[in-house]
Amino acid sequence: MQNTLNKTVFLKADKIGEGDLGSILIKGFLNAMSEQENLPESILCVNSAVLLTTANEEDEVLQILKKLENKGVKIYSCGTCLDYYNKRDELKVGVAGNAMDTIATLLNTNTVTL
């Protein structure tokens, strides 16, 4: 397990920006993060970012998230968001979180929002 910092990455969408470029950017960002010596303590996925944690097994971003989890990063997907997209049963990495967990994490760590 690698070193984790008292940081949380707050993902609000399945892309950084819009369109195909946004998909390329989120994949590149998460992949670069997975190669760092120091990793965030957690990644919180809300809104369409939960689509990253429920993607097909072959999806590169899902594989990167699994790699981060294996290195000790806690990954949470918003339970309400999973329900909204009807994806709760498709969660493939991390766990479903709730509003109380999300708020506690955001208030007790340094947060980077994308």
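**Figure 1. Arg88 and Asp83 shake hands in a salt bridge.** The nitrogen-to-oxygen distance between these two side chains is 2.7 Å. Keep in mind that this is a predicted model. How exposed are the two partners? Arg88 is partly exposed, since its relative accessible area is 39% and the buried class stops under 20% while the exposed class starts over 50%. Asp83 lands in the partly exposed class too, at 43% relative accessibility. As background, side chains of opposite charge can pair when their charged atoms come close.

**Figure 2. A salt bridge ties helix α3 to helix α1.** Here the side chains of Glu60 and Lys27 meet, at 3.3 Å from N to O. Glu60 belongs to α3 and Lys27 to α1, and 33 residues separate them, so this pair links distant parts of the chain. Lys27 counts as partly exposed, with a relative accessibility of 28%. How many salt bridges does a search of the whole structure find? It turns up six, and the Glu60–Lys27 contact is one of the salt bridges shown in these views.

**Figure 3. Asp14 and Lys15 form a salt bridge between their side chains.** The N to O distance for this pair is 3.7 Å. Lys15 has a relative accessibility of 28%, and that makes it partly exposed.

**Figure 4. Val61 sits buried in helix α3.** Val61 is found in α3, and its relative accessibility is just 8%. Because buried means under 20% relative accessible area, Val61 makes the cut. What does Val61 touch once residues up to four places away in sequence are left out? The answer is Lys27, Leu30 and Leu52. Val61 and Gly28 are also worth a look as a pair: they lie 33 residues apart in sequence, and their C-alpha atoms are 8.9 Å apart in space.

**Figure 5. Five strands line up in an open sheet.** Reading across, the order is β4-β3-β2-β1-β5, and the pairing is parallel. Which strands are at the edges? They are β4 (95-97) and β5 (110-113), each of which pairs on one side only. From one strand to the next, the twist averages 35°. For readers who want the chemistry, strands of a sheet pair through backbone hydrogen bonds, either parallel or antiparallel.

**Figure 6. Strands β3 and β4 run parallel, with helix α1 packing on the sheet.** Three bridges join β3 (residues 74-78) to β4 in the parallel sense. Ser77 has Ala96 in β4 as its bridge partner. Helix α1 (residues 19-34) packs on the sheet and touches β1 (3-11) and β2 (38-45). The direction of α1 makes about 140° with that of β2.

**Figure 7. The largest nonpolar core gathers 26 residues.** Leu11, Leu30, Met33, Ile43, Leu65 and Leu68 have the most contacts inside this core. β1, α1, β2, α2 (50-53), α3 (60-70), β3 and α4 (79-84) each supply at least two of its residues. Which element gives the most? That is α3, with five residues. Zoom in on Leu11 and you get quite a list of neighbours: not counting residues up to four places away in sequence, Leu11 touches Ile26, Leu30, Ile43, Leu44, Cys45, Val46, Ala49, Leu52 and Leu114.

**Figure 8. Tyr84 and Tyr85 meet edge-to-face.** A search of the whole structure finds one aromatic pair, and this is it. The ring centres are 5.1 Å apart and the planes stand at 90° to each other. Buried or exposed: where does Tyr84 fall? Tyr84 counts as exposed, because its relative accessibility of 68% is over the 50% cut-off. Tyr85 counts as partly exposed, at 27%.

**Figure 9. Asn47 and Asn86 both have a positive phi.** Most residues other than glycine have a negative phi. Asn47 has a phi near 50°, and its place is in the loop between β2 and α2. For Asn86, phi is about 55°, and the residue lies in the loop between α4 and β4. As for accessibility, Asn47 is partly exposed at 43%, whereas Asn86 is exposed at 66%.

Notes
Residues numbered from 1 in each chain as written. Predicted model: local features only at pLDDT ≥ 70, side-chain atom pairs only at ≥ 80, totals over all residues. Heavy atoms only, no water. Pairing = 2+ DSSP bridges. Helix = DSSP H or I, 4+ residues; strand = E, 2+ residues; numbered from the N terminus. Axes fitted to C-alpha atoms, helices over the stretch in contact; angles between N-to-C directions. Contact = heavy atoms within 4.5 Å. Phe/Tyr/Trp six-rings, centres within 6.5 Å; stacked < 30°, edge-to-face > 60°. Buried < 20%, exposed > 50% of the residue type's maximum accessible area, 1.4 Å probe, protein only. Core = buried A, V, L, I, M, F, W, Y, C linked by side-chain atoms within 4.5 Å. Salt bridge = Lys/Arg side-chain N within 4 Å of Asp/Glu carboxyl O.
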